[in-house]
Amino acid sequence: MSIKINAEIRKVAGKGAARAVRKNKNIPAVIYGEKKEPVSIELNGREFEKLLTQPSLRTKLFEITTANGKEDAMLMDIQYHPVFDSVEHVDFKRINVKEPVHVVVPVEVINEETSKGIKMGGVLNFAVRKVALIGLISNIPEKISIDLTNLNIGESVHGSDLVLPEGVSLGLHQAELAFAIIGGKMAEEADSPKAAAAAAAASSNAQASTATDATRNS
């Protein structure tokens, strides 16, 4: 679902004009890309600050309406004040909604508490928490979930194992990445060194006993 916002065209650009916009509690921004001239705009500060509470804004389509018409764009960058943490400037990039886009979305793990491997004493190594995807903006998910339910000790989930929406594919080099791994040893593997040590000790004792008997009989 797209995010619809209204913006005013800024007729004057530059640092001084941007400061004047911020003084009015609004946010200077720019729309660029698609081989068109950049457009300097002014966002309603209060409304945009509310948007920041929504997750995964960088994977969503923005429909920005100005006096020039509607612009389809993606949020590319937000610059914050170094002291007050307020929004200083926003960059939007125009997109063609009929062409695939390249985006990075977060990865989450689910059902950790019911994972077979973790129940057996394994330890989760959640190694890669973002994945690069390619697809139409309307098909890009907010996040990708990895279900740990049936993952055993020693098993891992690679990019090629991720469940993606129809029409969405992995970005370059994502397929071979190990996103989640259940580390540790199976119970029988953990016990095998102990068993080997016990067997070695028994063999050593047997040899010692035989040597003692031989000495007594000589």
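# A walk around the barrel, starting at R94

Select R94 to begin: this residue is found in strand β6 (strands are DSSP runs of E with at least two residues, helices are runs of H or I with at least four, and both are numbered from the N terminus). A word on what is on your screen: this is a predicted model, in which local features need pLDDT of at least 70 and side-chain atom pairs count only at pLDDT 80 or more, while totals for chains, interfaces and linings use all residues. Residues are numbered from 1 along each chain as its sequence is written, and side-chain values use heavy atoms, with hydrogens and water left out.

**Stop 1: R94 and its surroundings**

Is R94 buried or exposed? R94 counts as buried, at 4% relative accessibility (buried means under 20% relative accessible area, exposed over 50%, and partly exposed in between, with a 1.4 Å probe and protein chains only). Now show the side chain of R94 and look for the backbone oxygen of E37, which lies 2.8 Å from a polar atom of that side chain. This is a polar contact (a pair of N or O atoms within 3.5 Å; within protein, one must be able to donate a hydrogen and the other to accept it, and residues adjacent in sequence count only if both atoms are side-chain atoms).

Next, add the other contacts of R94 (contact means heavy atoms within 4.5 Å). Leaving aside neighbours within four places in sequence, they include I31, Y32, G33, K36, P38 and V39, and also E71, D72 and A73. E34 is another residue in contact with R94, so keep it on display.

**Stop 2: two positive phi values**

E34 has its place in the loop between β2 and β3. Its phi is near 55°, a positive value in a residue other than glycine. Most residues other than glycine have a negative phi. E34 is partly exposed, with a relative accessible area of 43%.

Move on to D85, in the loop between β5 and β6. Phi of D85 is near 65°, again positive in a residue other than glycine. D85 is exposed, with a relative accessible area of 55%.

**Stop 3: the barrel**

Switch to a cartoon view and colour the strands. In what order do the 6 strands close into a barrel? The order is β1-β3-β2-β6-β5-β4, with mixed pairing (two strands pair if DSSP finds at least two bridges between them). The twist averages 45° from one strand to the next (axes are lines fitted to C-alpha atoms, for helices over the stretch in contact, and angles run from 0 to 180 degrees between N-to-C directions).

Here are three pairings to look at:

- β1 and β3 are antiparallel, over 3 bridges; select I9 and its bridge partner in β3, I41.
- β1 and β4 are parallel, over 4 bridges; I3 has F62 in β4 as its bridge partner.
- β4 and β5 (residues 69-80) run antiparallel and are joined by 5 bridges; T66 stands opposite G69 in β5.

A hairpin joins β4 to β5 through 2 residues. While you are there, select residues 62-66: 4 of the 5 residues of strand β4 are buried, so this strand is largely enclosed by the rest of the structure.

**Stop 4: helix α1**

Now find α1, which lies across β2, β3 and β6 (87-94) and runs at about 125° to β2. Which residues of α1 are buried? They are A17, A18 and V21. Seen down the axis of α1, these buried residues fall within an arc of 100°, so they line one face of the helix (the arc is that of the directions from the helix axis to the C-beta atoms). Their cover includes β2 (27-33) and β3 (36-43). Turn to the other side of α1, where K15, R19 and K23 are exposed. Just past the helix comes K25, with a positive phi near 70°.

**Stop 5: R10**

Finish in the loop between β1 (3-9) and α1 (15-23), where you will find R10. R10 is buried, with a relative accessible area of 11%. Its side chain reaches the backbone oxygen of A29 at 2.9 Å. Not counting residues up to four places away in sequence, R10 touches A18 and V21 of the helix you have just seen, along with P28, A29, S40, I41, E42 and H89.

**Zooming out**

The chain has 4 helices and 13 strands. Of its 218 residues, 33% count as buried.
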